[in-house]
Amino acid sequence: MKTYFNLLKKGALIGSLFFPLGVFAQDQVSDLIKGSPEDAGKLANAYLTPALNGFGLGLNSGWYTSAKAKNTLRFDLRFTATVAFVPQSDRTFDVNSLGLKTMDPMGGSITPTISGPDQTGARMRLKSNGQEFNLPEGIGVNVVPSPQVQLTVGLPKNIDVSLRYIPKIDLKDFGKVDLFGAGAKIEVLPLILGKADKIVPVDVAVAVGYTQFNWDIPLEVGDNSKHDQHISTKIKGLNIDAIVSKRLLFFTPFASVGFNNSNADIRALGTYQFGSDTVTDPFTIKQDYVNGLKASVGFQLHLAFFRLYGSYTQSKYGYVNAGIGFGMGK
């Protein structure tokens, strides 16, 4: 078990650095905290939306690779990664659509989101003093990656349960992260048909998974004499799926349909300067970013104790999930 937790920690260190919010929070937040707290919150939400959509989808992915539940006390440990594809419509946003009260664009009002092109953002002017500044550029990458590390164990009655857990880890300049997730899958046909379920040539199951990811990121914006600036981020994901699969020797294809939701609670905490005003805890973003249906197709290759996984899902964004696993038994 100690080895398992060490692997989780290493996965967290690698995966957390993938999340684009770290780039935003430390390098570009000062370009958004201007004008008023309300406007800063609107700009931050619009700029971050693709990352929050993509990472929320990642939290809900990779829970299962078959409708067949694992046999009692059989287990596998899997390492997978999800890559969500940001559509063209979410790579830029129009500042005129945000209802900003303390600033106006000078010229063009279309500006990159974090997943947009690596080019200078829209030029803005503060109404109070005429100060001009540019909104942040995008990072030039229109995919959002996220990792999953998961332990699944079989229970009696054709049920298996899964755990995702990362203890709090100090990433130094990147802040502190932790994660907890739990899921369960139950085969439906044995419940309905009993031993006669074997006459049906496929396996059918329902599954549910919940994950919460926390990230606290230190900031240095303007005069941070109190050294109290940081962003507190909580992202939660919930998914419910119906799955059908068929094992063909060592190859198991599957398909599923379901519902998924993810929401984020992002708070800018500490003391900040907005012109001549000093503001504490200037804004909070609390919103559902994913809330709707999804459909997946995928496969599992079962080679003794070694497994390979792959799937494609269409949801708010399309995304792929792939990885490897190690385990004992079916």
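**Figure 1. The loop between β11 and β12 around leucine 249.** In this predicted model, leucine 249 is placed in the loop that runs between β11 (230-245) and β12 (251-269). With a relative accessibility of 72%, leucine 249 counts as exposed, because the cut-off for that class is over 50%. The phi angle of leucine 249 is near 55 degrees, a positive value in a residue other than glycine. Most residues other than glycine have a negative phi.

**Figure 2. A nonpolar surface patch that includes leucine 249.** Leu248, Leu249, Phe250, Phe251 and Leu303 make a nonpolar patch of about 490 Å² on the surface. One of these residues, leucine 249, belongs to the loop between β11 and β12, whereas Phe251 has the number at which β12 (251-269) begins.

**Figure 3. Lysine 157 in the loop between β7 and β8.** Lysine 157 lies in the loop that links the end of β7 (143-155) to the start of β8 (159-170). The phi angle of lysine 157 is near 65 degrees, which is again a positive value in a residue other than glycine. Lysine 157 counts as exposed because its relative accessibility is 68%, and the cut-off for an exposed residue is over 50%.

**Figure 4. The largest nonpolar core and the surroundings of leucine 43.** The largest nonpolar core holds 43 residues, and among these Leu43, Met124 and Leu135 touch the most other members. Helix α3 (residues 37-59) gives the most to this core, contributing 10 residues. When residues up to four places away in sequence are not counted, leucine 43 touches Leu32, Phe93, Val95, Leu98, Leu100, Met103 and Leu135. Leu135, one of these partners, is thus named together with Leu43 among the residues that touch the most other members of the core.

**Figure 5. The kink in helix α3.** At leucine 48, α3 has a kink of about 55 degrees, located shortly before proline 50. Of the 23 residues of α3, 19 are buried, so the helix is largely enclosed by the rest of the structure.

**Figure 6. The protein chain as the setting for the close-up views.** The protein chain contains 4 helices and 17 strands, and buried residues make up 49% of its 330 residues. Among the contacts between residues at least 6 apart in sequence, 65% join residues at least 24 apart. The accessible surface of the chain comes to about 15,100 Å², and carbon and sulfur atoms account for 60% of this area.

Note on methods:
Residues are numbered from 1 along each chain as its sequence is written. This is a predicted model: local features need pLDDT of at least 70, side-chain atom pairs count only at pLDDT 80 or more; totals for chains, interfaces and linings use all residues. Side-chain values use heavy atoms; hydrogens and water are left out. A nonpolar core is a set of buried Ala, Val, Leu, Ile, Met, Phe, Trp, Tyr and Cys residues joined through side-chain atoms within 4.5 Å. Buried means under 20% relative accessible area, exposed over 50%, partly exposed in between (1.4 Å probe, protein chains only). Helices (H or I, at least four residues) and strands (E, at least two) are DSSP runs, numbered from the N terminus. Contact means heavy atoms within 4.5 Å. Patches are made of residues with over 30% relative accessible area and no salt bridge: like charges are joined within 9 Å, nonpolar side chains (Val, Leu, Ile, Met, Phe, Trp, Tyr) within 5 Å. Accessible areas come from the Shrake-Rupley method with a 1.4 Å probe; for residues, only the protein chains shown count as cover. A salt bridge is a side-chain nitrogen of Lys or Arg within 4 Å of a carboxyl oxygen of Asp or Glu. The bend at a residue is the angle between axes fitted to the seven residues ending there and the seven starting there.
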